[in-house]
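Notebook open, coffee to hand. Today I am looking up confidence, one helix pair and a pocket.

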Amino acid sequence: MSEEETKTLNDLSELASVDTSEVTSEAAPEPVAEVQAPAEPKKDALGRSYATGKRKNAIARVWIKPGTGAVTVNGRDILTYFARPVLRMVVSQPMVAAAREGQFDVVCTVTGGGLSGQAGAVRHGISKALTYFEPELRGVLKAGGFLTRDSRVVERKKYGRAKARRSFQFSKR
C-alpha cells in the first residue's frame with residue numbers, strides 16, 4: 001500500500017471515532033409532508049367512466065354515466081337478466097353504499113361464469129367505475145370491500161379423485 005492510501009485509511013478511522021452525540025437535529029432538514037392532489041375523474045368523450053370487474057370466471061365490462069338509474073346487462077334489463085332478487089341486490093350494493101341510487105345509468109357486458117359470479121363481477125365493475133367518475137367515493141367503497149377483487153376460484157379436479165378432493169366411494173366387495 002502506498003503512503004497516501006495509508007494516510008486516508010487512518011483519516012477514515014479517526015473520522016469514525018468522532019462522537020455523533022455532538023451533531024444536533026437542527027442540521028438535518030425535516031421531511032416535508034407531501035400533499036396529495038385530489039385524483040382527476042376519468043371520463044371518455046361521451047362523459048362515461050369505464051371499468052372492468054372480475055369474480056370467479058366472470059368478467060364484466062361496465063360503463064356508467066349520469067342518468068335515471070337504468071341498469072342494462074348484455075342488452076337486457078337487470079330485472080330480466082338477474083331474475084333472483086339476491087343477485088339484483090348484489091349488483092346495487094355499491095350504489096347504495098355511495099348514496100348514488102338512481103343517479104347513474106349502467107351499461108355492462110358480462111361473459112363467463114354463472115349468474116352469481118357475473119353479479120359479483122358487475123358489482124366490482126360498478127364500484128371501480130364509480131371511483132373513476134367520482135374519486136372522492138373511493139374511501140366509502142373501499143371500506144365496504146367493493147373495490148377488492150375476490151380472487152377465489154374453483155379448484156381444479158385431480159386425477160384419481162371424483163372431484164378436486166373427494167375420493168371415490170370405497171367398497172370392500
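**Entry 1: confidence.** I start with pLDDT, which is the predictor's confidence in each residue, on a scale from 0 to 100. I need it here, as this is a predicted model. For the chain I noted an average pLDDT of 87, with 80% of the residues scoring at least 70. Where is confidence lowest, and where is it highest? I found the low end in helix α1, residues 3-16, with a mean of 63. The high end is strand β3, residues 71-73, at 97.

**Entry 2: α3 and α4.** Next I looked up how helix α3 (residues 85-97) packs with helix α4 (residues 115-133). Their axes lie 8 Å apart, at an angle of about 10°. Angles under 35 degrees count as roughly parallel, so I logged α3 as roughly parallel to α4. From α3, I listed L87, V90, V91, Q93, P94 and M95 in the contact. From α4, the list runs L115, S116, A119, G120, V122, R123, I126, S127 and L130. Sorting the residues of this contact by class gave me ten nonpolar, four polar and one charged.

**Entry 3: the largest pocket.** I then turned to the largest pocket, whose volume is about 200 Å³. Which residues are closest to its centre? I wrote down R55, V90, G120, R123 and D150, out of 15 that line the pocket. Three of these names, V90, G120 and R123, were already in my list for the α3 and α4 contact. β1 (49-55), α3 and α4 each supply at least two lining residues. The most come from α4, which gives five. By class, I have the lining down as three nonpolar, six polar and six charged residues.

Note on methods
Residues are numbered from 1 along each chain as its sequence is written. This is a predicted model: local features need pLDDT of at least 70, side-chain atom pairs count only at pLDDT 80 or more; totals for chains, interfaces and linings use all residues. Side-chain values use heavy atoms; hydrogens and water are left out. Axes are lines fitted to C-alpha atoms, for helices over the stretch in contact, and angles run from 0 to 180 degrees between N-to-C directions. Helices (H or I, at least four residues) and strands (E, at least two) are DSSP runs, numbered from the N terminus. Angles under 35 degrees count as roughly parallel, over 145 as roughly antiparallel, 65 to 115 as roughly perpendicular and the rest as oblique. Contact means heavy atoms within 4.5 Å. Ala, Val, Leu, Ile, Met, Phe, Trp, Tyr, Cys and Pro count as nonpolar, Asp, Glu, Lys and Arg as charged, and the others, Gly among them, as polar. On a 1 Å grid over the protein atoms alone, a cavity is a set of points where a 1.4 Å probe fits but cannot get out, and a pocket is an open set with protein on both sides within 12 Å along at least five of seven lines; lining residues have an atom within 4 Å of a point. Grid points are joined across faces, edges and corners, and a volume is the space filled by probe spheres set on the points.
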